[in-house]
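Reader: I would like a close look at one part of this model, followed outward into its surroundings. Please explain each term with its cut-offs as you reach it.

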Amino acid sequence: MTTATATTPLHSTEDEAGQQRFDQLIAEDSRIEPTDWMPAAYRKTLTRQISQHAHSEIIGMQPEANWITRAPSLKRKAILMAKVQDEAGHGLYLYSAAETLGTSRDELVDQLLSGKAKYSSIFNYPARTWADIGAIGWLVDGAAIANQVPLCRASYAPYGRAMVRICKEESFHQRQGWEILHELAHGTAEQKQMAQEAINRFYGPALQMFGPPDEDSPNSRQSMAWNIKRFSNDELRQRFVDMIVPQAEALGLHFEDPDLKWNEERGHYDYGELDWDEFKSVIKGNGPCNAQRMQRRRQAFDEGAWVREAAAAFATRHESADTRLTA
């Protein structure tokens, strides 16, 4: 098993005992709590992963929030508003989990606003039509579920506990997207075409949400050794492809991937090579909406300063009152 021992020097008897206990918990597939000893590399990896997940939830609100006022009915507006609120809650759960590793929320948010931290590349693509909201719900949230359900068993307990509730709510989000696409696909010819074009746009980026191929993802291997992840990027991607192909057929739609076909020998669907050059370019900040997403996030942060200041003043006042009562 790969552990932090090879890369993290142990300087004391306490560290050696802590490493042994940590290795034992991982070998037993048990949970690591915030008060447990953990290798510095494990803490760093989790802080990066959980905070990136939190940033993705917050940034991911933007393309859908942009459609709340343009949704085609009051019912659709209410459902979409509830979904966007859920995403904000997911971000808060995850920031709280990341804070238990010793990095403050203020620092995590500053890393996002400064551009030091990353978020999921999928949210740097625009939602051009109402059908794109359906594609985001079905494909993007569907990929998130495939990736995140195994994280409910992550070795770091606060992360796993947060993921249980998040995955339950993401299931609603995927169903909402499916229902939008189903209605469009069974509507007029123009509506069906709009649905088809939406899944054409999001098919490749959704598959890239699982991360780069296994041979290009050393962090994935270490995370699996620590029981943070349970499956490799390519394993999760294959599971997702096997799931969505029959679902697309049920919608009466298809994926424009000429290499997408059932492989009887493997017992899985084969699919075409993804555009990893585009993936890397988007991560580096060159996607269609990178600049816009960060500009709006920074603007929202600045405009929300008065709320944070009021909340801090309220908390200080009540803390002072509690101190006087207990004095």
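**From one loop outward**

Author: Asn-227 is found in the loop that runs between helix 9 (218-225) and helix 10, where helices (H or I, at least four residues) and strands (E, at least two) are DSSP runs numbered from the N terminus. This is a predicted model, in which local features need pLDDT of at least 70 and side-chain atom pairs count only at pLDDT 80 or more, while totals for chains, interfaces and linings use all residues. Residues are numbered from 1 along each chain as its sequence is written, and side-chain values use heavy atoms, with hydrogens and water left out.

The backbone at Asn-227 has a phi near 65°, a positive value in a residue other than glycine. Most residues other than glycine have a negative phi. With a relative accessible area of 13%, Asn-227 is buried, the term for under 20% relative accessible area, with exposed over 50% and partly exposed in between (1.4 Å probe, protein chains only).

Another positive phi, of about 60°, is found at Asp-29, which is not a glycine either. Asp-29 lies in the loop between helix 1 and helix 2, and at 41% relative accessibility Asp-29 counts as partly exposed. A glycine can be added to this list: Gly-115, just after helix 5, takes a positive phi of about 90°.

From the loop of Asn-227 the chain can be followed into helix 10 (residues 233-251), which holds Asp-242. Leaving aside neighbours within four places in sequence, Asp-242 is in contact with His-268 and Tyr-269, contact meaning heavy atoms within 4.5 Å. Asp-242 and Tyr-271 are 29 residues apart along the chain, and their C-alpha atoms are separated by 9.9 Å. The charged end of Arg-239 sits over the ring of Phe-231, 3.8 Å from its centre; for this, NZ of Lys or CZ of Arg must be within 6 Å of the ring centre and within 35 degrees of the ring normal. The charged end of Arg-308 likewise sits over the ring of Phe-301, 3.8 Å from its centre.

Gln-208 has its place in helix 8 (residues 189-208) and is buried, with a relative accessible area of 4%. Not counting residues up to four places away in sequence, Gln-208 touches Arg-237, Leu-274, Asp-275, Trp-276 and Phe-279. Gln-208 and Phe-279 are 71 residues apart in sequence, yet 7.3 Å apart in space from C-alpha to C-alpha.

The wider setting is the division into domains. The domain assignment, automatic or from a database, gives domain 1 (18-275) and domain 2 (288-326), whose C-alpha centres lie 27 Å apart. The contact between them takes 14 residues from domain 1 and 10 residues from domain 2. About 1,100 Å² is buried between the two domains, 60% of it given by carbon and sulfur atoms; buried area is the accessible area (1.4 Å probe) that two parts lose on being put together, summed over both. Gln-62, Leu-113 and Asn-124 supply 52% of the area that domain 1 buries against domain 2, more than any other three residues.

Of these, Gln-62 lies in helix 3 (residues 61-65) and is buried at a relative accessible area of 14%. Its contacts, apart from neighbours within four places in sequence, are Gln-292, Arg-293, Arg-296 and Arg-297. Leu-113 is one of the buried residues of helix 5 (residues 105-113), alongside Leu-108, Val-109, Gln-111 and Leu-112. The buried residues of helix 5 pack against helix 2, helix 4 (74-99) and helix 12 (290-303).

Aromatic packing adds a further layer. A search of the whole structure finds 9 aromatic pairs, and the rings of Phe-22 and Tyr-42 form an edge-to-face pair because their centres are 4.9 Å apart and their planes at 70°. Rings of Phe, Tyr and Trp (its six-membered ring) pair if their centres lie within 6.5 Å, with planes under 30 degrees apart counted as stacked, over 60 as edge-to-face and the rest as tilted. This pair links distant parts of the chain, with Phe-22 in helix 1 (residues 13-27) and Tyr-42 in helix 2 (residues 40-59), 20 residues apart. Phe-22, at 1% relative accessibility, counts as buried, and Tyr-42 is buried at 0%. Elsewhere, Trp-138, Trp-178, Tyr-203 and Phe-255 form one aromatic cluster.
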